[in-house]
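Reader: I should like a close look at one charged pair in this model, set out as a connected account. Please begin with the pair itself and then place it among its surroundings.

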Amino acid sequence: MDVNSNPILIVSLCFAAYLAGSVLFAMPVCRAWQLPDPRVLGSGNPGATNVFRNGGWKPALVTLLLDAFKGWLPVWLANVAGFSIIVQAMVALCAVTGHMIPVFYRFKGGKGVATGLGAGLALAPLTTGLMAVLWLLAMWRWRISALASVIAIVSGPVISALLEPDTLPLFGLLTLLIVVRHRNNLIRLAQGRETGL
């Protein structure tokens, strides 16, 4: 039986991806390092950048890797199970949405960049890899995480259209979601009030 014709399997996988995304690893990582809750310090964002501001690069790196892994794993499983690119993209979006509006944290989550990175690496490694390079270059130039993230994610649809066109709908929707989540950062950038890393 073709797995792509089984709506129960598809919905189950998407729901599992959402639940995986809803696990905000910044919280247990900060507890393990005896750091304050990242939601009440700095930017208030439960992500790797804010963990870095509060605790340095080691807990930030662990947070980044775990948040990326929870995006990568469901998409990889969907690929191994033989689901189509469209279903894999749906799974990726569910994982990122889980990070943004997590059921385990009263639907108040993060920006979704690291989870999107992991999901993108599983589905479109070339596009995602080039986006990561752009993020690094932007960080090197401006040292502002939000600006680097927006530059990288906005480049996604263009890069995917050129290199991995089957994934263009995914990167189009990810761009919309992540830019909207960065709206306050963009306002502060326009006002010259956005802080560096």
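Author: K70 and D67 are both buried in this predicted model. For K70 the relative accessible area is 5%, which is under the 20% limit, and therefore K70 counts as buried. The two side chains form a salt bridge, with N and O 3.3 Å apart. Side chains of opposite charge can pair when their charged atoms come close. Both partners belong to helix α4, which covers residues 57–80, and they stand 3 residues apart, about one turn of the helix.

The surroundings of K70 can be described through its contacts. Beyond the neighbours within four places in sequence, K70 touches A20, G21, V23, L24 and F25. It is also in contact with A95, H99 and T115. Two elements described further below can be recognised in this list: A95 and H99 are contacts of K70, and helix α5 spans residues 85–100. T115 is likewise a contact of K70, while helix α6 spans residues 113–123.

The pair in α4 may be set beside the other salt bridges, for the count comes to 3. One of them joins R39 to D37, with the closest N and O atoms 2.6 Å apart. Here R39 has a relative accessibility of 36% and so counts as partly exposed. D37, at 27% relative accessible area, is also partly exposed. Another salt bridge links E194 with R188, at 2.8 Å between the closest N and O atoms. In this pair E194 is buried, its relative accessible area being 14%, whereas R188 is partly exposed at 26%. With K70 and D67 both buried, the burial states of each pair are thus set out.

Helices α5 and α6 also appear in the packing of helix α9. The buried residues of α9 pack against α5 (85–100), α6 (113–123), α7 (125–142) and α8 (145–163). Those buried residues are L170, F171, L174, T175 and I178. Viewed down the axis of α9, they fall within an arc of 130°, and so they line one face of the helix. The face turned away from the buried side carries the exposed residues P169 and L176. As to its length, α9 comprises 14 residues, 168–181, which at 1.5 Å a residue should span 20 Å; the end C-alpha atoms are 20 Å apart, in agreement with that expectation.

The whole chain gives the setting for these details. The protein has 10 helices and 0 strands. Of its 197 residues, 43% count as buried, K70 and D67 being among the buried residues. Among contacts with a separation of 6 or more, 65% are between residues 24 or more positions apart. A compact globule of 197 residues would have a radius of gyration near 16 Å, and the protein has 16 Å, which agrees. Along the principal axes, the C-alpha trace spans about 55 × 35 × 25 Å. The accessible surface comes to about 10000 Å², and 71% of it belongs to carbon and sulfur atoms.

To return to the pair requested: K70 lies in helix α4, and its salt bridge with D67 has an N to O distance of 3.3 Å.

Conventions. Residues are numbered from 1 along each chain as its sequence is written. This is a predicted model: local features need pLDDT of at least 70, side-chain atom pairs count only at pLDDT 80 or more; totals for chains, interfaces and linings use all residues. Side-chain values use heavy atoms; hydrogens and water are left out. Helices (H or I, at least four residues) and strands (E, at least two) are DSSP runs, numbered from the N terminus. The expected span of a helix is 1.5 Å times one less than its number of residues. Buried means under 20% relative accessible area, exposed over 50%, partly exposed in between (1.4 Å probe, protein chains only). The arc is that of the directions from the helix axis to the C-beta atoms. Contact means heavy atoms within 4.5 Å. A salt bridge is a side-chain nitrogen of Lys or Arg within 4 Å of a carboxyl oxygen of Asp or Glu. The radius of gyration is taken over C-alpha atoms; the globule rule is 2.2 Å times the number of residues to the power 0.38. Accessible areas come from the Shrake-Rupley method with a 1.4 Å probe; for residues, only the protein chains shown count as cover.
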